[in-house]
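Biologist: I'd like to learn how to read a model like this one, feature by feature. Could you walk me through it?

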Amino acid sequence: MYGLAYPEISPIAFSLGPLAVRWYSLAYLFGILSAWFLLLRNIKKYQLPLDKAKVEDLVFYVTLGIILGGRLGYAIFYGGAAMWQNPLHLLEIWKGGMSFHGGVAGVIIAVYVYARKIQYSFLGLMDLVALYTPIGIFLGRLANFVNDELWGRVSNVAWAVRFPNGGFLPRHPSQLYEAFLEGLVMLVILNFAWRYKAVREKHGVVSALFVLFYGIFRMLLEQFREPDMQLGFIIGHITMGQLLSLPLVLTGVALLFWRFKPAK
């Protein structure tokens, strides 16, 4: 088994004096800025009852939810005792270690609080957030590849990559699989659905499609991803990622059923 050589990309994008700016941090920054720009264009195009100031506040709340939820989720589900021995590690997002499922929980709480504050539909806001979240997922998975982390299982496929931290064994580039399905494909699906007025007006449908397809894609791609070293397989050949994604699939199905349930 030979595999493709890892491209040896530095995880540090550039340095400003003693400050090293990492691709992982830039992925979050560009993901948030892109969503911000597209949301502003969206509310103008479809004449949604939100102004620029409210969108800016929404982005702020969502960013807090991502960071706090992602780090706490990682500490709870993946971090182990080491994370809790020094709580300041929770703030070191540039070193990686973010739980998507924890981030989702954080965003849901943040959007709920903000929706109550401005007296706006909670599911309506969640739909707007879901629309462009795949951009952040796409950039984040590319950053995982650059960081030489979350690589796939050992494989002899022609496109297997020899990751240095993976023992130079040829492995599935599972980060790129996830960037494609959870990022690009999800972005197309959600924005295609959003074009239809019936979907836009039925708040919660886009959110349901997001959690449904993310859960399905994640459970599928975990078959190619190396289980977290500190956890291994949780039950049989089921990983933590699959276990946490199952509730997303069930939630998506239930929410779609509820929104499209014929009125009596």
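Modeller: Sure. One term up front: buried means under 20% relative accessible area, exposed means over 50%, and partly exposed is what sits in between. Keep in mind that this is a predicted model.

Biologist: Which residues of α4 are buried, then?

Modeller: The buried set in α4 is Phe 100, His 101, Gly 102, Gly 103, Val 104, Gly 106, Val 107, Ala 110, Val 111, Tyr 114, Ala 115 and Ile 118. For a general handle on such patterns, an α-helix has 3.6 residues a turn, so residues three or four places apart point the same way.

Biologist: How do I check the length of α4 against what is expected at 1.5 Å a residue?

Modeller: Compare the end C-alpha atoms with the expected span. The 19 residues of α4 should span 27 Å, and the end C-alpha atoms are 27 Å apart, so the two agree. You can do the same with α1, residues 23-45: its 23 residues reach 32 Å from first C-alpha to last, close to the 33 Å expected.

Biologist: And which residues of α1 are buried?

Modeller: In α1 they are Tyr 24, Leu 26, Ala 27, Gly 31, Ala 35, Leu 38, Leu 39, Asn 42 and Ile 43.

Biologist: What should I look at just after α1?

Modeller: Backbone torsions. Gln 47 comes just after α1 and takes a positive phi of about 55°, although Gln 47 is not a glycine. You'll find Gln 47 in the loop between α1 and α2, and with 69% relative accessibility it counts as exposed. After α4 comes Gln 119, whose phi is positive too, near 55°.

Biologist: What about Asp 148: where is it found, and is it buried or exposed?

Modeller: Asp 148 is in the loop between α5 and β4. Its phi is near 60°, a positive value in a residue other than glycine. With a relative accessible area of 7%, Asp 148 is buried.

Biologist: Now the interior. How do I read a nonpolar core?

Modeller: The general idea is that in soluble globular proteins, nonpolar side chains tend to be buried together. In this model the largest nonpolar core has 47 residues, and those with the most contacts inside it are Leu 50, Leu 58, Val 111, Leu 125 and Phe 210. At least two residues of this core come from each of α1, α2, α4, α5, α6, α8 and α9. The largest share, 10 residues, is supplied by α8.

Biologist: Which residues is Val 111 in contact with, leaving aside its neighbours within four places in sequence?

Modeller: Val 111 is in contact with Leu 58, Val 62, Phe 122, Leu 125, Met 126 and Val 129, once those neighbours are left aside. There is also a second, separate core of five residues, which includes Phe 145, Trp 151, Val 161 and Phe 163.

Biologist: Let's do charges. How many salt bridges does the structure hold?

Modeller: Eight. The idea is to look for a side-chain nitrogen of Lys or Arg within 4 Å of a carboxyl oxygen of Asp or Glu. One of these bridges joins Arg 141 and Glu 178, at 3.3 Å from N to O. This pair links distant parts of the chain: Arg 141 is in helix α5, Glu 178 in helix α6, and they are 37 residues apart.

Biologist: Is Arg 141 buried or exposed, and what about Glu 178?

Modeller: Arg 141 has 10% relative accessibility, so it counts as buried. Glu 178 counts as buried as well, at 2%. Arg 141 also forms a salt bridge with Glu 182, with the closest N and O atoms 3.7 Å apart. That pair spans 41 residues in sequence, with Glu 182 in helix α6 and Arg 141 in helix α5. Glu 182 is buried too.

Biologist: And a case where both partners are exposed?

Modeller: Take Glu 201 and Lys 197, which are both exposed. Their side chains meet in a salt bridge at 3.8 Å, N to O. They are four residues apart in helix α7, so about one helical turn separates them. Salt bridges that share partners, on the other hand, join Arg 141, Glu 178, Glu 182, Arg 218, Glu 222 and Arg 225 into one network.

Biologist: Last one: which residues make the nonpolar surface patch?

Modeller: Phe 60, Leu 64, Ile 67, Leu 68, Leu 72 and Ile 76 make a patch of about 550 Å². Leu 72, for one, is found in helix α2 and counts as partly exposed, at 39% relative accessibility.

Technical notes:
Residues are numbered from 1 along each chain as its sequence is written. This is a predicted model: local features need pLDDT of at least 70, side-chain atom pairs count only at pLDDT 80 or more; totals for chains, interfaces and linings use all residues. Side-chain values use heavy atoms; hydrogens and water are left out. Patches are made of residues with over 30% relative accessible area and no salt bridge: like charges are joined within 9 Å, nonpolar side chains (Val, Leu, Ile, Met, Phe, Trp, Tyr) within 5 Å. Accessible areas come from the Shrake-Rupley method with a 1.4 Å probe; for residues, only the protein chains shown count as cover. Buried means under 20% relative accessible area, exposed over 50%, partly exposed in between (1.4 Å probe, protein chains only). The expected span of a helix is 1.5 Å times one less than its number of residues. A nonpolar core is a set of buried Ala, Val, Leu, Ile, Met, Phe, Trp, Tyr and Cys residues joined through side-chain atoms within 4.5 Å. Contact means heavy atoms within 4.5 Å.
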